Amino acid sequence: MRAVFLASLRTYSRRYVAAAVAVTVAVAFVVVVGILTSGARSGLMDGLGAPYRNAEHVVSPEGWPSSELDPAAVIAFTERHGENASAIGRATLPAHAGSRKLSDTTTVGPIATSQVWRWQELSSGRFPSRTGEAAVDVYAALAEDLAVGDRITIGVGAAASDVQVVGLVESPSPPAQASMYVTWPQLLLWRDHLHLGSVAVRGEVGPLPEGAKALSPEAFTAERLTHVQNRVDSLSVMLLLFAGIALFVSILVIANTFSILFARRLRDFALLRCVGATRRQVVRSVRREAAVVGVLASLTGTLVGVGLGHGLIAVIDALASAVPMGAAELPVPWLLGGFAAGLAVTMVASWLPTRRVIRVSPLAALRPDAGVDARTRTGLARPALLLVIGLALLGVAMDRSSTALMLAGGGSVFAGVLLSGPVLVPRLVRIAGAPLGPTVRLAAENAAHHPRRTATTTASLLVGVTLTIAVLTGMATWRTSLNEQIGRDHPIDIALTSPTRPLTTDLLTRIRRTPGVERAIPVYGAVAQVAGLHDPIPVVTAPAAGQVARDGGVFARVEPGKIRIDADAFGKDLTPRPGDRVTVRAGDRRIQLQVAVGTGWGPAGVVAPETLATLTDAPEPRAVWIRASTGADPARLGADLDELADPVGATIENGLRTWESLDQQLQIYTWSALGLLGIAIVIALIGIANTLGLSVLERAREHAMLRALGLTRGQLRRMLAAEAVLLSLVATVLGTVLGVGFAWAACETIVKPALRDATMHIPWLSLGVVVLIAALAGLLAAVLPARRAARVSPVAGLSLD
Amino acid sequence: MTGSRHDPAPRLPRTAASPGAVAARARNLTKTYGRGATQVHALRGIDLDLPRGGFTAIMGPSGSGKSTLMHCLAGLDQASGGTVTVAGTDLGSLDDDALTIFRREHVGFVFQSFNLLPMLTAGENIVLPLELGGRRIDDAARERVRLLADILGVADRLAHRPAELSGGQQQRVAIARALITQPDLLFADEPTGNLDSTTSAEVLDHLRRSARELGQTVVMVTHERDAAAYADHVVTMQDGRIA
Ligand SMILES: Nc1ncnc2c1ncn2[C@@H]1O[C@H](COP(=O)(O)OP(=O)(O)O)[C@@H](O)[C@H]1O
Ligand SMILES: [Mg+2]
């Protein structure tokens, strides 16, 4: 049997190429996930450990993260050790650069003057060496538009102190990171605002502050890491989920390869049995073939994965240095896991086709070749049961908003569809191909002739397409609903409100000229004292709010007799509750109004035009409401407008920030998911090319006969292309229907309970693009097999065995 | 994808009046396979006229070049030298697409085995050449299918797939398919090679009836003397030459 085994490998090795590629891709996927995880971990480790690299002990709270150290005790402890200790922590303070206000939550941390304890890395300028100097984190500098040489006032009132920026630094340790760093004596100016989380110590630790423990730097880093690690780990689990999908798709591709090859070789096997090979010998030889394919493909996949993973880390380091990525050591468990998964997938996928090999009787060799591909009856009972159970589960899931039930139901429905594939898919292929002329009809018949093979081929694509469409539709729904929600919460991107002075037309013109402003409208009103509010506020009316508001101006439509107040702008100061009746007084006129609340337009009360008319005869411009253009940088636009607002004593309400970052996050999620699913789809397309390529070999005589009967080369190529396109179209259309259905179920189960008034949003354009891409990819998958098929001359094809 | 409706290659003019009563003519036909030491001269200068409307058998031992000759006459393969003229067309002047369309319109085939597409029913197999040519299956075509199926005794088998037919029935369906386009020439390469003697006799009888009743020109390649006995003319080949 050894000779047979080797000869089979030699003869058929080329036919395993596509299947091997599928396994390779899936294994490489797993390994890349492993390497990225390990890189992220070591990056975190390096970063976390940076402040303690020269320490012998790290003093930190006993009950971290739920307890803190008393700053006074820590300061005393640190002072006692002098040069041999360095405290790590920060103070959160307001800050100004000249007259320009910086973030209210500017964080200030210590920077050591000695090389031993300094962990920040200099990016430009120099390190601060004395009181009055500061280093700014490069990203903070970018966001706040700060540069070396700027003067910054940190703190307000008595605690205010001026520093000069002398350098920009990078901060590799996320937990110790601050926006700016000053020397320790300077930092002690704000000792009342200081939080100190840990102290790095050299030499004897001595008596510890109360509630503190001393650890080795390694033990300390490990403790902090496990905390952050959970996030990295859950990310890896999600990535592994996608890798699992890719592996599943590979199973389908390989199973198809083996069943096609074995069907073709069934007579060989029968002949072997005729000449005396035992059943076990035949099976063992076949299993060994699968094992060789599995081992080689998994090995290649592991190597490719290692290379790709390290390449990706280099790319991430170069493009996004903010992401902590360290040099990954080879994650041995992942490598072994990936390899084992690849091998297991191959063996599992070859199992079913091998069972047919076992059943072959020696007599099969003596029968004429017709009827070897006996049509297997496929029962519809099991798939139907799965469908019914799945749909019922989905119904209950929507009713109870249960994600677990939804996943179970979705899985069951999908399994039902996959299992009914051999019955369903050939019919769909026939229906799709029927009206398109004889070549396409022949292609459809070809596909329908091997129901199982066709079903498995489409199943692999179906998995990827269904998930892609579900993600696209789900995300579109989520995004539209979220946009509506945000539109209600932040109707005005940026509002500039002036309670002190009316705004001038000149200011409005300058606002409109600011880059990033798409539209700006003046809002008229009068300053009035609202009972219950500390300061007078502008009471305005804005019939034109719809021009700039994200909610179409709904928030500004207030009934006469009511006043709508921005709850966020006053926060705790808002003593009038919704529904209260309050007196509103402007000059000598007064009126009773009922309070309504909303959010997102700043410290102004919105009323109906009639209401305003009773308060004043001459409304003045008191606010400018601004709609930012798409892609405008919220921080920059806010800062620019702030500069215009400050001199006239106006305030800025920036709702754009929240808006943009949420939108960006969703975009990133969507594209990551699509990118990861793309891998499964690529494997599925390799599968289509594979099935087609193998059946081209198998059907060489059929093709030769058709050529003899008058099928031109072009027609033959088109027939094969049509077969691939039909397969991918059926898979895509079926996947689109399923995907939209699943997205709908998810919308009802998850989105609706979370966001009231959520409505299903189907991204028709994206769906169209997916279907088109799938059809084109199917065409692409047919190129090689079709060219090979058309090269064979009719005579050569007829003389084949 | 419906390329068959508009083929790029030019349609061939049908020559209504072929010279004399000759359906196909070969002159100094040679065919060589391979080169150097492994060169095989399968045909060594064949001159042959096949009479229109006749049933000709090409006889000879295995390896004498019968199939090669048939392939060259049928436009399945290009000859190495000499000329082949079928229905007034010099096959040497046609490219692959033109040859394919020529076969579709002028030639029918019956092979030793593997004649039918397994995924199509017998009826669908019969009309396949019409469909490949982009012709619509009109009433006249359906009428002809019925006529051929009757003559060949497969009328009650049209809805079956090849796997459900006996070897003899498969060959008779193949004959019907070859005749559906009313070809100038029908070639059969060892059509009875896989059949038992009773079934062989049936198939051969049908071939002869096609020639007689439908006026078809039939060329059959065989190495069996019994089969050749059904033909009107017998051409015997020996070592690439007509003996
Ligand atoms: N494709 C080919 N390549 C090389 N030699 C061939 C090929 N086809 C046929 N031959 C050779 O040409 C000769 C004639 O073959 P063939 O026409 O098939 O004979 P027959 O049909 O009479 O048995 C034989 O010697 C055969 O080996
Ligand atoms: Mg022969």
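**Figure 1. A salt bridge within helix α14 of chain A.** In this predicted model, Arg510(A) and Asp506(A) both belong to helix α14, which covers residues 505–513 of chain A. The two residues are four positions apart, about one turn of the helix. Arg510(A) is joined to Asp506(A) by a salt bridge, with 3.4 Å between the closest N and O atoms. Arg510(A) has a relative accessible area of 39%, so this residue is partly exposed. Asp506(A) is also classed as partly exposed, because its relative accessibility is 46%. Side chains of opposite charge can pair when their charged atoms come close.

**Figure 2. Salt bridges at Glu518(A) and Glu620(A)****.** Glu518(A) forms a salt bridge with Arg519(A), and the closest N and O atoms are 3.9 Å apart. Glu518(A) is partly exposed, with a relative accessible area of 41%. Its partner Arg519(A) is partly exposed as well, at 37%. The second pair is made by Glu620(A) and Arg622(A), whose closest N and O atoms are 3.3 Å apart. Glu620(A) has a relative accessible area of 31% and is partly exposed. Arg622(A), in contrast, counts as buried, because its relative accessibility is 6%, and buried means under 20%.

**Figure 3. A salt-bridge network in chain A, formed by Arg126(A), Arg130(A) and Glu133(A)****.** These three residues, Arg126(A), Arg130(A) and Glu133(A), are linked to one another in a network of salt bridges. For the whole structure, a search over all chains finds 21 salt bridges.

**Figure 4. Strand β2 of chain A and its partner strands.** Strand β2(A) covers residues 85–93, and seven of its nine residues are buried. Strand β11(A), residues 194–201, is joined to β2(A) by seven bridges, and the two run antiparallel. Within this pairing, Ser86(A) has Ala200(A) of β11(A) as its bridge partner. Strand β5(A), residues 106–110, also pairs with β2(A) in the antiparallel sense, here over three bridges. In that pairing, Leu93(A) is matched with Thr106(A) of β5(A). In a regular strand the side chains alternate between the two faces of the sheet.

**Figure 5. Arg280(A) in helix α7****.** Helix α7 of chain A spans residues 279–319 and contains Arg280(A). Arg280(A) has a relative accessible area of 61% and is therefore exposed. Ile358(A) is 78 residues away from Arg280(A) in sequence, while the C-alpha atoms of the two are 7.9 Å apart in space.

**Figure 6. A nonpolar surface patch on chain A.** Leu330(A), Val332(A) and Leu336(A) make a nonpolar patch of about 290 Å² on the surface. Leu336(A) is part of helix α8, which covers residues 332–359 of chain A. Because its relative accessibility is 57%, Leu336(A) counts as exposed.

**Figure 7. The six-stranded sheet of chain B****.** The strands of this open sheet follow the order β6-β7-β8-β3-β9-β10, and their pairing is mixed. Strands β6(B), residues 107–110, and β10(B), residues 241–242, stand at the edges with a single partner strand each, so one side of each has no neighbour in the sheet. Strand β3(B), residues 55–59, pairs with strand β8(B), residues 218–221, in the parallel sense over four bridges. In this pair, Ile58(B) has Val221(B) of β8(B) as its bridge partner. Helix α2(B), residues 96–106, lies across β6(B) and β7(B), the latter covering residues 185–189. The helix runs at about 80° to β6(B).

**Figure 8. The surroundings of Thr89(B).** Thr89(B) is found in strand β5(B), which covers residues 89–90. Thr89(B) counts as buried, because its relative accessibility is 12%. Leaving aside residues up to four places away in sequence, Thr89(B) touches Val84(B), Leu94(B) and Phe102(B).

**Figure 9. Chain B as the setting for the two preceding views.** Chain B has seven helices and ten strands. Of its 243 residues, 54% count as buried. Taking the contacts in chain B between residues at least 6 apart in sequence, 73% join residues at least 24 apart. The chain exposes about 10200 Å², and carbon and sulfur atoms supply 47% of this area.

Technical notes. Residues are numbered from 1 along each chain as its sequence is written. Chains are lettered from A and ligands numbered from 1 in the order in which they are written. This is a predicted model: local features need pLDDT of at least 70, side-chain atom pairs count only at pLDDT 80 or more; totals for chains, interfaces and linings use all residues. Side-chain values use heavy atoms; hydrogens and water are left out. Buried means under 20% relative accessible area, exposed over 50%, partly exposed in between (1.4 Å probe, protein chains only). Two strands pair if DSSP finds at least two bridges between them. Contact means heavy atoms within 4.5 Å. Accessible areas come from the Shrake-Rupley method with a 1.4 Å probe; for residues, only the protein chains shown count as cover. Patches are made of residues with over 30% relative accessible area and no salt bridge: like charges are joined within 9 Å, nonpolar side chains (Val, Leu, Ile, Met, Phe, Trp, Tyr) within 5 Å. A salt bridge is a side-chain nitrogen of Lys or Arg within 4 Å of a carboxyl oxygen of Asp or Glu. Axes are lines fitted to C-alpha atoms, for helices over the stretch in contact, and angles run from 0 to 180 degrees between N-to-C directions.
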